[in-house]
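Biologist: I am new to this structure and would like to learn how to read it. Could you take me through a few features, one at a time?

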Amino acid sequence: MRITSTSCICPVLVCLCFVQRCYGAAHHGSIKVTRNQTKHMEGETEVHHRPKRGWVWNQFFVLEEHMGPDPQYVGKLHSNSDKGDGSVKYILTGEGAGTIFIIDDTTGDIHSTKSLDREQKTHYVLHAQAIDRRTNKPLEPESEFIIKVQDINDNAPKFTDGPYIVTVPEMSEMGTSVLQVTATDADDPTYGNSARVVYSILQGQPYFSVDPKTGVIRTALHNMDREAREHYSVVIQAKDMAGQVGGLSGSTTVNITLTDVNDNPPRFPQKHYQLYVPESAQVGSAVGKIKANDADTGSNADMKYTIINGDGSGVFSISTDKETREGILSLRKPLNYEKKKSYTLNIEGANTHLDLRFSHLGPFKDVTMLKVIVGDVDEPPLFTMPSYVMEVYENAKIGTPVGAVTAQDPDTANSLVRYFIDQNTEEDKYFTIDASTGIIKTAKIFDREESPWYNITVSASEIDNPELVSHVPVGVRILDVNDNPPEFDREYDTVVCENAKPGQVIQTITATDKDNSANGARFHFSLDEGISLNPNFTLRDNEDNTASIMTRRRRYSRTTQDIYYLPVLISDGGVPPLSSSSTLTIRVCACERDGRVRTCHAEAFLSSAGLSTGALIAILLCVVILLVFSLAIVVLFITLRRSKKEPLIISEEDVRENVVTYDDEGGGEEDTEAFDITALRNPSAAEELKYRRDVRPEVKPVHRHHLSSSLDSIDVQEFIKQRLAEADLDPTVPPYDSLQTYAYEGHRSEAGSISSLDSATTHSDQDYNYLGDWGPEFKKLAELYGEIESERTT
């Protein structure tokens, strides 16, 4: 089968197609397809031959965007088996078969019924087959072929990202790259020039240019000044067909803005300025503004103002407002029209951010001169001093002059001044002032000890213009007068120990005086002279504003007198001197050896023995428990006696020994019949060994003389052994074990025996003060003997 086509994209191709069609019909003809045949020849067997295929395939081409009224002819299918009698039927299947592409089943002609777009689909794959119309059997195997959509220039270039917004610094070099734009063409880039794009600039010359191949936009002029023109609108065109006539084109807009650089120095609009400032302007307030113009923007226009010289540099100061870039002129010192009527200032404004590339355009600063004229205003009176301090004695009479204030009108008119106190506070009511002279007087009697200082406010106004008022603070110090006698600085709790010695310091006292140090810094102490010589205490003035209270005698007794009252006379060194009498209360207390107080109450002897309140409660509780326990035993014993039916009788034949208990107690220290008391004192004190006097011995112990002769040299251990041997050998002891106790007190005490035995019946004149040095074991004894001696002394 042969395929022919008349689809061409140019007149040359049309001619070629025509030649191909004619040549094929004249010379090639149809390639026949022979069926399987068998020749029957005499003497020969049947031979099978392979059939030859009669299809000749090529690609079909169809132009896109066909707009004719008739279907577009694509090509023709023909089989060698087709004899032109209509027995061959052509069938077309695949993409678009029957919808886009139709075939004449008799002639094999293929037509396109729709306008095709290559940009949507570039080719179609179809299948062709020739069958016998009568038997519907295939004459040829099914074959595949392609119909390609031939491109035409039907798509213009497009800028997908436009319009563009871009910036470039001003004063840039010529040829500085600004932006690269890119246009896309949907046509086939592999066929012809339909998708070959060329760039050109339609608007924006002579400031910018564009590369025709790459689309890069560049500056085309030197030193483009933002201050001259800031915004530019550049139109770029992209044209296909390599820019030839008939090509399609698209355009986009590029908005270019020149960014600022610091290429313009600041400039003051004028070289001379004049400013009016009233003399009443407050210090620290803004009195004027000045501004230097800068054509730049942003940080490139930031500047700083300074006063570089002039006679007003110390009176005025200037700062920069960051928002408005203005210089704010402020007042540093008060103005006075009467002293100086004008000032001259040289003010400089300079950029703070410099660009060294443009330093040749500088200097980036400017200077102007400002003349400040001070305006005269009617001012309030001015006091000669910013504040006053006055003094007056306490207890001064009402109307006593304290001091005077003075104010004057600073203006040239020199108006008269009136003084007054506003009486706004309570302290203002304590003083009066003369409206004409300004003399301040007291309105009450002051007490320095109540308040040593008063603060008032004095006002002054012009008589001609009362609304102009000035104020001044006045402090009044109240001077001291010696009108307060000295007294004890505090309440003293003075204690004297019972065992105190003569001349012992028991208290140091100090005085205080409400007056200041000029009237009473030196105090004198003495005992009240109206009382006779005190036998118990004396006073010593230490001459350092303190005094010492000392004991006069040896011992004191709480039982005799537990509290003493000592009047003390105190005088100051003021003029005139003042004095007062204060009473010092002294308590008598029992103390330790180191002076620590144990008790100060005469009825607390039990506590002095070492028993506290808690101990007494514990003892009472134990006694109650013992009483209850004893009562319970008695009740139990009575109950057992009543329940007992018969006494327990021990048979005489019972050979068991009976245990007999003897409760034998001595008769005390005076009972010397049972044992020798001297044995308890010292073994060496016994003159001889003595026998029990309550039992008559039948046989004398052996070695008695030997034991008696060795007492002088025997020690305690040996003495106890002798007593044990004597008890073992004594035949007169009872037939039971007995306990004998011996206490050894030592050879001899330096204080001698304190036993009441052998003591004299009369009172001794001995001094028992040494008992207090023997320790806590002899505290009670020392107290008893101390009280006896105190009573005897009294």
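What follows is a short dialogue on disulfides, cores and a sheet.

Modeller: Keep in mind throughout that this is a predicted model.

Biologist: Let us start with cysteines. How many disulfides are there?

Modeller: A disulfide is a covalent bond between the sulfur atoms of two cysteines. Here the count is two. C497 and C591 form one of them, with sulfur atoms 2.0 Å apart. That link is left-handed, with -90° about the S-S bond. It connects distant parts of the chain, since C497 is in strand 33 and C591 in strand 39, 94 residues apart. Both C497 and C591 are buried.

Biologist: Which cysteine is bonded to C589?

Modeller: C589 forms a disulfide with C600, and the sulfur atoms are 1.6 Å apart. This link is right-handed, at 105° about the S-S bond. C589 lies in strand 39 and C600 in the loop between strand 40 and helix 2, so the pair ties together parts that are 11 residues apart in sequence. In sequence order of the bonded cysteines, the pairing is 1-3, 2-4.

Biologist: Is C600 buried or exposed?

Modeller: Buried means under 20% relative accessible area. C600 has 14% relative accessibility, so it counts as buried. C622, at 45%, counts as partly exposed.

Biologist: How do I read a nonpolar core?

Modeller: In soluble globular proteins, nonpolar side chains tend to be buried together. The largest nonpolar core in this model has 24 residues, and V405, F431, I440, V458 and V474 have the most contacts inside it. Strands 24, 27, 28, 30 and 31 each supply at least two of its residues. A second, separate core of 22 residues includes M303, V315, V372 and V374.

Biologist: Which residues does V458 touch?

Modeller: Beyond its neighbours within four places in sequence, V458 is in contact with residues including F383, V405, I440 and V474. V476, in strand 31, can be read in the same way: outside its own sequence neighbours within four places, its contacts include F431, W453 and Y454. V476 has 0% relative accessibility and therefore counts as buried.

Biologist: Last, a sheet. What is the strand order in the open sheet of four strands?

Modeller: The order is 16-22-21-18, with mixed pairing. Strands 16 and 18 stand at the edges with a single partner strand each, so one side of each has no neighbour in the sheet. Neighbouring strands are turned by 30° against each other on average, direction ignored. Strands 18 and 21 run antiparallel and are joined by six bridges. For T306, the bridge partner in strand 21 is E348.

Key: Residues numbered from 1 in each chain as written. Predicted model: local features only at pLDDT ≥ 70, side-chain atom pairs only at ≥ 80, totals over all residues. Heavy atoms only, no water. Buried < 20%, exposed > 50% of the residue type's maximum accessible area, 1.4 Å probe, protein only. Contact = heavy atoms within 4.5 Å. Pairing = 2+ DSSP bridges. Axes fitted to C-alpha atoms, helices over the stretch in contact; angles between N-to-C directions. Core = buried A, V, L, I, M, F, W, Y, C linked by side-chain atoms within 4.5 Å. Disulfide = S-S within 2.5 Å.
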